[in-house]
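Reader: Please take a close look at one part of this model, the largest cavity, and tell me which residues line it. I would also like to see it placed among the contacts between the chains.

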Protein chains: 4
Amino acid sequence: MADKRIPVQRRSIERKQKILSSGFKLFCEHGYYKTNTIEIAKHAGVSTGAVYSYFKDKREIYIAAFDSYLEEISGRLFEELEQSQTLPLPDFVENWVTVYLELYAASGHALAQLRMMILEDEEINRHFSDLENEYFMKLIRLLNKNGVERADLMERIYTCCILIDALRQEQSSFSHIGLNFLIFKEQVTSTILQLLSG
Amino acid sequence: MADKRIPVQRRSIERKQKILSSGFKLFCEHGYYKTNTIEIAKHAGVSTGAVYSYFKDKREIYIAAFDSYLEEISGRLFEELEQSQTLPLPDFVENWVTVYLELYAASGHALAQLRMMILEDEEINRHFSDLENEYFMKLIRLLNKNGVERADLMERIYTCCILIDALRQEQSSFSHIGLNFLIFKEQVTSTILQLLSG
Amino acid sequence: MADKRIPVQRRSIERKQKILSSGFKLFCEHGYYKTNTIEIAKHAGVSTGAVYSYFKDKREIYIAAFDSYLEEISGRLFEELEQSQTLPLPDFVENWVTVYLELYAASGHALAQLRMMILEDEEINRHFSDLENEYFMKLIRLLNKNGVERADLMERIYTCCILIDALRQEQSSFSHIGLNFLIFKEQVTSTILQLLSG
Amino acid sequence: MADKRIPVQRRSIERKQKILSSGFKLFCEHGYYKTNTIEIAKHAGVSTGAVYSYFKDKREIYIAAFDSYLEEISGRLFEELEQSQTLPLPDFVENWVTVYLELYAASGHALAQLRMMILEDEEINRHFSDLENEYFMKLIRLLNKNGVERADLMERIYTCCILIDALRQEQSSFSHIGLNFLIFKEQVTSTILQLLSG
DNA sequence: TATGAATGAGAGTTCATTCAT
DNA sequence: AATGAATGAACTCTCATTCAT
């Protein structure tokens, strides 16, 4: 019914940001279902009512929080990648892996959480599928400029992304016993290089 | 008297199995939080009380359901793999990918769900981390027998598993627009082959 | 999703009845919006959960409570009226008014509440409009048997019902200063008689 | 300074009026409980704070809105009736019914809502009972001047009012299936005539 | 031993009212 | 004086778990 307030004042914007970051933090730590709106409000230092004046419902907080986070991080990633797009491919890949690991290090459980929510919730699925597609497209354009052009590039890039994120998970949260991170990283890097140049 | 005990026990085991399979099915379809115990009981054709006489709580149903499922499927996987352990590596890998895709096809969202639950719940984490480790160890032993022996085998196998499961997800639930499954499969297979033989 | 439990045991039926009568009482006393489900549960001596195992939502309690009340009362009214359907019209009318006043005396605010809810809620409207129509039809059939047959009988009966219910309101809840009930009753009775025989 | 106060006051009066008319409109359309103060403020083009500087609480808006509406409408009704007070009774009654229907047509659910609120809220009850009494008294005085004088006039007038309002409800919101409005109107008019002259 | 009705804490959400700006 | 963002109690409804039968 009522259109949600568009924050025009600084305080408002800050509060909305605080709700988003609190939501993001708690969703990552405890998951969507174990985080309740009162907690989010408390953590953001606002009332429950305030939360609902900025967001339609809990799901909207979730979407906005992850959207904003991914926007931010992938924005920074592409900034870096664009600067190194003319490097020789091995250096470009090295850089890609390194920057990705740095930037997404803080994601913690965020991406795994998101993957799960995408499976459970149609609306969230639609929203983030589009976002992911954009992400792939940008990567393709970037690699094209670097001289990498193949019919099956989409599939190759997808494989690369899977591997890089496996690396990130290993680094941050999900470390497997008996798995040496540096060796793993070395393997991932060289596999990516082969995929893109082989 | 004594001869009646066995049928009762058998019935009991069957019921427990039915609860597990019902739970697994519903958890996969709707996720842990959107599946309630009454539904599980109804689907299994038992009373809610019965469910709680076999399992301490909902989480225990979840753990046991996934445990039993993974046990079953990975058992079958290794049966197949052991039969093809003497094949030339390219055929072995081909077989591995094919059988994995077949067996885990029915998992649907199950494994993604599980990954999420592992992040949210300490107890679930402990349980399935051990299971996964066992799984890797068996694969190592198998590949050793096939003649693949390297210092960094653990990491290589891990990468292979990541890629195969990405393939499975692509096949069952998570298809990305513009991604050709057959090309992707081809790439995964040859990447694995390179990782193991290169 | 889940179909609501159909009470098969006596205790269940009694509880459902208790919830209905508690709901009816509280809805009449304080109105729909000032009555909350916790109050209804408490008054019925059950938990909030129990209320929702018998009824889908608060509105369903409201509909069922009023439905059951009107069923009961109008059932009794028509029993009486059928017994006096062969009396001379003046006696029949006299009887109608008297019995109606007796039976609906306890309605208190019930009917006024209902009228309001009908205006606010589409579903409640549909439900009770049908019920009211049946009521009119029964009255028409009854008067037909008594020899009252006219083209505009529907309208006349409607007018009669309005007047009788005004009388009931005056008697029970809504007494106006300076209005003599007996005189008012006398007038209503003779007006009805004229409408039906004039 | 002093000459500015009057425009300010005028603006203030206009705003209060706007709040009242907005409140009335929304209360009629959605009912008291489904209308919120923010909506009223928005519709009136003022801030929520402003609403609370003119009225103590939501209930007071309700009372004032209906008070003002009824004042206005009944004022107009009596103006018309006074002009026709010397007509022969049949014409006077005809006029009464016609004018009432015209004037109160816009009430929609308003009066039914009000009746409900009177039952639920002691303060609203007190306020409008007095108003209604005044209304009856005026009608009595008017009919006295027309030559209608009887001991039981109060009761007769009350009956007339009930019938006329039933007619209005039928016309505006509450139409019953199978009920012909023109026939119903004819009956009401002639019944009123009989009540007042018979 | 098995049942499933019952529990009640806790979830998401709304909105009359206030008060810092 | 005027604003409208903020409050937080209160609402409806759910569901993991228990326990009388």
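Author: A cavity, on a 1 Å grid over the protein atoms alone, is a set of points where a 1.4 Å probe fits but cannot get out, and its lining residues are those with an atom within 4 Å of a point. Rolling a probe the size of a water molecule over the atoms shows where empty space is left. This is a predicted model, in which local features need pLDDT of at least 70 and side-chain atom pairs count only at pLDDT 80 or more, while totals for chains, interfaces and linings use all residues. Residues are numbered from 1 along each chain as its sequence is written, chains are lettered from A and ligands numbered from 1 in the order in which they are written, and side-chain values use heavy atoms, with hydrogens and water left out.

The structure holds 2 cavities of 30 Å³ or more, and the largest cavity has about 40 Å³ of space (grid points are joined across faces, edges and corners, and a volume is the space filled by probe spheres set on the points). Its lining is made up of C:Ala112, C:Arg115 and C:Met116 together with D:Ala112 and D:Arg115. Helix H6 (110–120) of chain C and helix H6 (110–120) of chain D each supply at least two of these residues, where helices (H or I, at least four residues) are DSSP runs numbered from the N terminus. The largest share, 3 residues, comes from H6(C). By class, the lining has 3 nonpolar, no polar and 2 charged residues, with Ala, Val, Leu, Ile, Met, Phe, Trp, Tyr, Cys and Pro counted as nonpolar, Asp, Glu, Lys and Arg as charged, and the others, Gly among them, as polar.

One of the lining residues, C:Met116, also leads to the relation between the two chains. Chain C is superposed on chain D, with an RMSD of 0.4 Å, by a rotation of 178 degrees with 0.1 Å of shift along its axis, the fit being by least squares on the C-alpha atoms of residues with pLDDT of at least 70 in both copies. That is the relation of a two-fold axis. Of the residues of chain C, C:Met116 comes closest to this rotation axis, its C-alpha being at 3.1 Å. The same surface serves both copies, since 100% of the contact residues of chain C recur in chain D, contact meaning heavy atoms within 4.5 Å.

The contact takes 39 residues from chain C and 41 residues from chain D. About 3700 Å² is buried between chain C and chain D, with carbon and sulfur atoms giving 65%; buried area is the accessible area (1.4 Å probe) that two parts lose on being put together, summed over both. On the side of chain C, C:Leu119, C:Glu155 and C:Tyr158 lose the most area to chain D, together 17% of what that side buries. Across this interface the rule finds 0 salt bridges, a salt bridge being a side-chain nitrogen of Lys or Arg within 4 Å of a carboxyl oxygen of Asp or Glu.

Chain B and chain A can be described in a similar way. A rotation of 178 degrees with 0.1 Å of shift along its axis superposes chain B on chain A, and in chain B the C-alpha nearest the axis is that of B:Met116, 3.1 Å from it. Chain A and chain C, by contrast, do not touch, their nearest C-alpha atoms being 18 Å apart.

Notes: 1 Å grid on protein atoms, 1.4 Å probe; cavity = no way out; pocket = protein on both sides within 12 Å on 5 of 7 lines; lining within 4 Å. Helix = DSSP H or I, 4+ residues; strand = E, 2+ residues; numbered from the N terminus.
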